[in-house]
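User: Could you take a close look at the spot where the ligand sits, and walk me through what surrounds it?

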Amino acid sequence: MIKVVGIGPGAREHMTYAAVEAIKSCDVVVGYKTYIDLIKEFIDEQEVIVNGMRGEVERCKEAVAQSLKGKTVCVISSGDAGVYGMAGLIYELVPEGHAVEVIPGVTASTAGAAILGAPLMHDFCHISLSDLMTPLETIYNRVKAAAASDFVICLYNPKSHGRPEYINEALSMIMSYQGTNLWVGLAKDVGREGERTIISKIDEVDYDLIDMTTVVIVGNSNTRNIGGKMITPRGYTL
Ligand SMILES: C[S@@+](CC[C@H](N)C(=O)[O-])C[C@H]1O[C@@H](n2cnc3c(N)ncnc32)[C@H](O)[C@@H]1O
C-alpha cells in the first residue's frame, strides 16, 4: 500500500488528521529532506528514505519497490499531493491494481490566500512557471489565456536561479491584457519560518522579494485592497 500524503505548506496546524495518522502508522516514510524535517515529530520507528529535490522519480520508484515488499509506505508531498505533487507520478509507476491512497493537503495558494485576505472568492486558476517539464511557450499561452479571461491567477514556482525572469514576463503579459490596475499578493514561506505577505499594484511588484517558496496571486479586475487585505468580491449585493 502506498499513501501519497500532502502535508500542507509547512505548519503543523495546516496538516490534516489523516496525514498525521498515515505518517504515524506506516512502515516507511519516503521524501525530500526539507519535507521530512517538517514532519520529524511524527517519525519514530518508521524507516526513512530521503533524497534531494531533483530525485522525484527515483524516490517514487523506491517507494513502489518498498510497497511491493508488503510494507505500507508514505510518500511525502508538500501542500496537496495532487497539486504539482507526487500523486500522479505514483499512479504512473505502480503496477495495475496496486493499492494507492492520496491524502489531500492544504495547497500553497489557499494557505497563502488565507493570510493575504480572501483573493480566491471567485474563479481562479493555478499556473506553474517551471519549464522543467512544460514548454515555456505553453506556460505563457496559459498565462495569456487566464489574463484574457480575467481569472484570479495563482503562480507557483515563480522564480529560481535558472529562470529569474519568467515572473516578470508573466506579469508583463497579464498587464498587456488587464492594464496596471490589478492587485498582486505575494505569500512567502507560508506556515514556515519567515512567513510574510506583500500586497501591491501589479506595476509596483518588488521582484526581489519573490523566490521559490513564494506563491504569487494576481487578482482579477474586481479584486480590491480593503484595509491592507486582498479581497475578490464574490458578488453579493450589500
Ligand atoms: C512543486 S510546487 C509544490 C506545490 C505543493 N504540492 C502545494 O500543493 O502547495 C512548489 C511551489 O509551491 C509553492 N509553495 C509551496 N510551499 C509554499 C509555502 N510554504 N509558501 C509559499 N509558497 C509555497 C511555491 O510557489 C513553490 O515554488
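**Around the ligand**

Analyst: Sure. Among the secondary-structure elements, α5 (108–116) and β11 (214–218) each put at least two residues into the shell around the ligand. Keep in mind that this is a predicted model. There are 24 residues around the ligand, and the ones that come nearest are P9, G79, T107, A108 and V190. Sorted by class, the shell has 10 nonpolar, 11 polar and 3 charged residues.

Now zoom out a little. The protein splits into domain 1 (2–103) and domain 2 (108–231). Both domains give residues to the shell, so the ligand lies between them. The C-alpha centres of the two domains are 28 Å apart, and the contact takes 8 residues from domain 1 and 8 residues from domain 2. On the domain 1 side of that contact, you'll find 4 nonpolar and 4 polar residues, with no charged ones.

β11 turns up again if you follow it away from the ligand: along with α6 (136–148) and β8 (152–156), β11 is part of what covers the buried residues of α7. Those buried residues are Y166, A170, L171 and I174. Looking down the axis of α7, they fall within an arc of 130°, so they line one face of the helix. The helix length checks out too: α7 (residues 166–178) has 13 residues, which at 1.5 Å a residue should span 18 Å, and its end C-alpha atoms are indeed 18 Å apart. Just after α7 comes G179, with a positive phi of about 80°.

Note on methods. Residues numbered from 1 in each chain as written. Predicted model: local features only at pLDDT ≥ 70, side-chain atom pairs only at ≥ 80, totals over all residues. Near = placed C-beta within 6 Å. Helix = DSSP H or I, 4+ residues; strand = E, 2+ residues; numbered from the N terminus. Nonpolar A, V, L, I, M, F, W, Y, C, P; charged D, E, K, R; others polar. Domains from an automatic or database assignment. Contact = placed C-beta atoms within 7 Å. Expected span 1.5 Å × (residues − 1). Buried ≥ 20, exposed ≤ 12 C-beta atoms within 10 Å, placed from the backbone. Arc of directions from axis to C-beta.
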